[in-house]
Protein chains: 2
Amino acid sequence: MTSEELAKIIGVSRSTVSRVINNYPDIPLETREKVLEAIKKYNYYPNSSARKLAGVKDTTLGLFILDIKDMEQPHHVILNDENLLYDNTFFAPFISAFIDHANKKLFYVFVSTIYKTSELWKIASAFNEKRIDGSVIIGSNHIDYLKVLETINKDNFIAFIDVEEDKSNIANAIYVNINNYKAAFDVVKYFAELGHKDIGMITGNLDKLSGKKRFDGFKDAILSLNLPLREEWIYYGDFMEMSGYEGMKKLLSSINTPTAVFICNDTMVIGAYRAIAELGLKVPDDISIIGFDNAQYSSLMSPPLTTVNVSLPKLLKLQQICS
Amino acid sequence: MTSEELAKIIGVSRSTVSRVINNYPDIPLETREKVLEAIKKYNYYPNSSARKLAGVKDTTLGLFILDIKDMEQPHHVILNDENLLYDNTFFAPFISAFIDHANKKLFYVFVSTIYKTSELWKIASAFNEKRIDGSVIIGSNHIDYLKVLETINKDNFIAFIDVEEDKSNIANAIYVNINNYKAAFDVVKYFAELGHKDIGMITGNLDKLSGKKRFDGFKDAILSLNLPLREEWIYYGDFMEMSGYEGMKKLLSSINTPTAVFICNDTMVIGAYRAIAELGLKVPDDISIIGFDNAQYSSLMSPPLTTVNVSLPKLLKLQQICS
DNA sequence: CTGAAAGCGCTTACAG
DNA sequence: CTGAAAGCGCTTACAG
């Protein structure tokens, strides 16, 4: 059913139908109600493409989850289709949270995953085809980030998550980060207040900003508190469950095991607990653990997400005014 | 830049531009290349709304994550905006997998979460406004499922995940389920082969099909193997981490603890390991555990997902031909 | 082979 | 207050 058809039934023009849909003033109550009734009765919905084409703005956001592994192509090639599924569990809390926030603002969000540099065009394409008005990029390291900037137009609005702010770039981009450094620093301080001296860490991917900053915060805290910073108490993980498992096994097999371990994300904590259960050690008696668990994660995530929410419409509007 | 403008630059009509974009035959190579070159040079992308309106089909799928808790409204009302974020971690593997599959087929997928019955209109609206061509619904129990069917048109194509197949309904729906019953049955059999007799379980939500079927499979296996089915070895969980934690604590505090526990999903396994680590018990020496872990999950998921992929375009096409 | 024209379903100045 | 008309940016019969 089109607005034309509906209008004919009611006995008005489609202009009138359109006006009540778009809440124009100066429509007599009676007309408005007649139209509204018919809309409901005939279950009429305006075609979104037509509306968009005619110039009505509805904000839809693209969420691009980057996980570029060009170098590991054999991995992708060998496995069959089923197994190509990549386990990006640790983006899940962010993705859920983002969709939630966006939905609350009645934004539409369209999600896409990108595994190779050669798929990066999807972002630019989504913008240029006017599918999205803004976009959020998560999962990129600095190299990927630069590649993204290359492909897109400078005036596209983008929010980068977990990427170092780049003041030099002209792009209409914002950078969303939690205070990874301080969070990690505080974890160590908290351990120290509890009386721990031998503190270990399972790091995340150090080429991700969050991984690096958490590591820096950890090290600086250890040093500033005059605690021992020992290489065998640090396991270089990659934010994945398996590295949490192996990291914990390794830390617990050293001669002097740490009494407390800071684990850089939730996913690795899962693996760590598995390792601990296999060894039959007691938490927190034998070993204390702090991770970025879901609750902490969310509460740490929320401010930047709020930032995104606030900034996105603001910047979109700004962009509109400027152009 | 519009196709009109681009055409003018090249010195052809926009019809021609459109034809090369849409791969019409009978275009002289020279013309085609000239156009292609200009497209690249001027970075021209056709407007997706205009294309859609003109009748070009591009498949976009809606993924609706249902988590309806009408009864717990105070929960939602009291907390501030940040905390409204719902933790739907256990949908994450499915969501990622789905987006992955869809992306591989070059489908667009637009994701939305629904927390109340009153938001159910979003699904119908997405269809009626022609935003989506098909949709996947996950997270509904049988009641929610019926409500969804009420709101949508019978000819909309929908795939329901984890909902009992309803042969009576006329809707153009498919039902995607893994063999929960058999999977659970097999777990018990496997435990038994290992020599376990005292087998416990932490169930999922029993109003979800997967929760119920896994429970059924478990019970039937226990009975058919003449093993003891004891109420104190069963904890009624809800698929959330906390219930895994509490469930395991409870199971391990009974007089005769089970030697093996089947835990109904990955998320609860996490909590269970935490409980075990707090008690300082050893896995698998003191207690054996099988959950639906990620690897199993994915491999169990894949066939139905493949089903979705195969069925979706097929049914879409069918629908088209019929109408 | 290719251009001019109609049409997709809306919205919004323009008149009245 | 409200209808007729133009326009959004494409695609695709229709002619030639």
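**Sheet and DNA contacts in a predicted model**

An open sheet of four strands in chain A runs in the order β7-β6-β8-β9, with parallel pairing. The model is predicted.

Me: What makes β7 and β9 of chain A the edge strands?
Reply: β7 (234-236) and β9 (288-290) of chain A each pair on one side only. The twist averages 15° from one strand to the next.

Me: How do you know that β6 of chain A pairs with β7(A)?
Reply: Pairing takes at least two bridges. Three bridges join β6 (residues 199-203) of chain A to β7(A), so the two strands pair. They run parallel. Here A:M201 stands opposite A:I234.

Me: Which strands does helix α10 of chain A touch?
Reply: Helix α10 (residues 209-224) packs on the sheet and touches β6, β7 and β8 (260-263) of chain A. Its direction makes about 170° with that of β6(A).

Me: Why is the pair between B:S15 and DNA strand C called a polar contact?
Reply: The cut-off is 3.5 Å between N or O atoms. A polar side-chain atom of B:S15 lies 2.7 Å from a base nitrogen of DNA strand C, so the pair counts.

Me: What does A:N47 offer to DNA strand C?
Reply: A backbone N or O atom of A:N47 lies 3.1 Å from a phosphate oxygen of the strand. That is within 3.5 Å, so this too is a polar contact.

Me: Which residues are closest to DNA strand C?
Reply: 27 residues surround the strand, and the closest are A:S3, A:R14, A:S18, B:T16 and B:R19. The surface near the strand divides into eleven nonpolar, ten polar and six charged residues.

Terms used. Residues numbered from 1 in each chain as written. Chains lettered and ligands numbered in written order. Predicted model: local features only at pLDDT ≥ 70, side-chain atom pairs only at ≥ 80, totals over all residues. Heavy atoms only, no water. Axes fitted to C-alpha atoms, helices over the stretch in contact; angles between N-to-C directions. Contact = heavy atoms within 4.5 Å. Near = heavy atom within 4 Å. Polar contact = N/O pair within 3.5 Å; in protein donor to acceptor, adjacent residues only side chain to side chain. Nonpolar A, V, L, I, M, F, W, Y, C, P; charged D, E, K, R; others polar.
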